[in-house]
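Colleague: Thanks for sitting down with me over this one. Could we go through the labels, and could you tell me what stands behind each of them?

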Amino acid sequence: MARGTDLHPFYQRGLRWDQVSDLAFAWVKVSDGGAPYTRTEGGVTYRPDTHVAGAKSRGIPVGGYHYAQPTLGPEKQADVLLAEVRRIGATGVAPMLDLEAPFRPDTAARDFGIAFCRRVAAAGVRPAVYMSASFAAALRPDQWDVPGLVIVIARYGARPEAPGSGRYSGRYDVHQYTSGGSLPGSAGAVDFDESYTDHHLDQEGAMPFTSDDFVQFMWGNVFDSAGNRNYAQFMKDLDAKVAALGSSLDAVTKLITDSSAHPVDPQQLAAALEGKLVAELVPAVTEAVTSAAGVETADEVRRMLVERLTSPS
């Protein structure tokens, strides 16, 4: 078992992360309905970025959660959550749907939750859902048939399956057991959670490698040194491989320098250069990505690299 928390950028503002200890994971509210979450009070704008950065500074895995609203489709709201956790780098804990009021524990809420979580799963990310024990007793998230679903149940003062009002007897991974906790500097009381599995963790490697990531990766700045997609060694190895590529381009250089005796048109030069790049760079990148991130990611990177090297500008 491990203790974690879920935090609101405004209600837990002022949190002194430099004094925080004994937290194994955290969720931060990053989106609400159809938009990323922000709140401005007294000329100060509160965003989730602050808590996410604070958790990372303490080495605490952190993820984002989304407060569901009935005014927009579940798939679009799931996309908002996924975009925010990627933007902030809150990918250490499964992205979570917060399903409560204004929803009621009925078929509409169940259908919304299933569609939302399936959208997240379809993006290649393990989804999580949060609800009260009374909601869970009616909606039965353990029967949603969503791949890898992490279930978080709130019931204060008792385990979700304990006898009494709102009892939930299904599977769950994390129990939110109080809303009256405290952390240094927080403007308000804090929710505390107890995990009974580690299914909510280890999301860093599970976030899909997108084409946007590829573009940043080729410039060398998508993987930072703080643990967010941290392929630092991968980058060092790849730098060495790319540096070695220069020697393999001698033939192209010779083709250019000899062009006075044997004129070369642009199409010939482009074909020669393209051939060398595809033949030398693609295997080097594929090998490095396979070592760092696995075969599936390597296959996707190889496909995108070949497309960029062989498609007309």
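Colleague: To begin, what makes you call Gln 77 buried or exposed?

Modeller: Happy to explain, and please keep in mind that this is a predicted model. The relative accessible area of Gln 77 is 0%. Buried means under 20%, so Gln 77 counts as buried.

Colleague: Where does Gln 77 lie, and which residues is Gln 77 in contact with, leaving aside its neighbours within four places in sequence?

Modeller: Gln 77 belongs to helix H2. With those neighbours left out, its contacts are Gly 33, His 66, Tyr 67, Ala 68, Gln 69, Leu 72, Phe 112 and Phe 116. Take Phe 116: 39 residues separate it from Gln 77 in sequence, yet their C-alpha atoms are 7.4 Å apart in space.

Colleague: How do you know that H2 and H3 meet?

Modeller: Contact means heavy atoms within 4.5 Å. On the H2 side, Pro 74, Glu 75, Gln 77, Ala 78, Asp 79, Leu 81 and Leu 82 meet Phe 112, Ala 115, Phe 116, Arg 119 and Val 120 in H3.

Colleague: Why is the packing of H2 and H3 called oblique?

Modeller: Their axes are 8 Å apart and make an angle of about 45 degrees. Angles under 35 degrees would count as roughly parallel, and 65 to 115 as roughly perpendicular. The angle of H2 and H3 falls in neither range, so H2 is oblique to H3. Their crossing is right-handed.

Colleague: What makes a group of residues a nonpolar core, and how many residues has the largest one here?

Modeller: The residues must be buried, of nonpolar kinds such as Leu or Val, and joined through side-chain atoms within 4.5 Å. The largest such core has 45 residues. Trp 17, Leu 97, Leu 99, Val 129, Met 131, Trp 144 and Ile 153 have the most contacts inside it. The elements giving two or more residues to this core include H2, H3, strand S2 and strand S8. H3 gives the most, with six residues.

Colleague: And which residues is Leu 97 in contact with, beyond its neighbours within four places in sequence?

Modeller: Among them are His 66, Ala 68, Phe 112, Phe 116, Val 129 and Tyr 130. Apart from the largest core lies another, of 13 residues, including Phe 25, Val 150, Val 152 and Val 174.

Colleague: Last one: what share of the protein is buried?

Modeller: Of its 313 residues, 42% are buried.

Methods: Residues numbered from 1 in each chain as written. Predicted model: local features only at pLDDT ≥ 70, side-chain atom pairs only at ≥ 80, totals over all residues. Heavy atoms only, no water. Buried < 20%, exposed > 50% of the residue type's maximum accessible area, 1.4 Å probe, protein only. Helix = DSSP H or I, 4+ residues; strand = E, 2+ residues; numbered from the N terminus. Axes fitted to C-alpha atoms, helices over the stretch in contact; angles between N-to-C directions. Parallel < 35°, antiparallel > 145°, perpendicular 65-115°, else oblique. Left-handed = near helix turned anticlockwise from the far one by under 90°.
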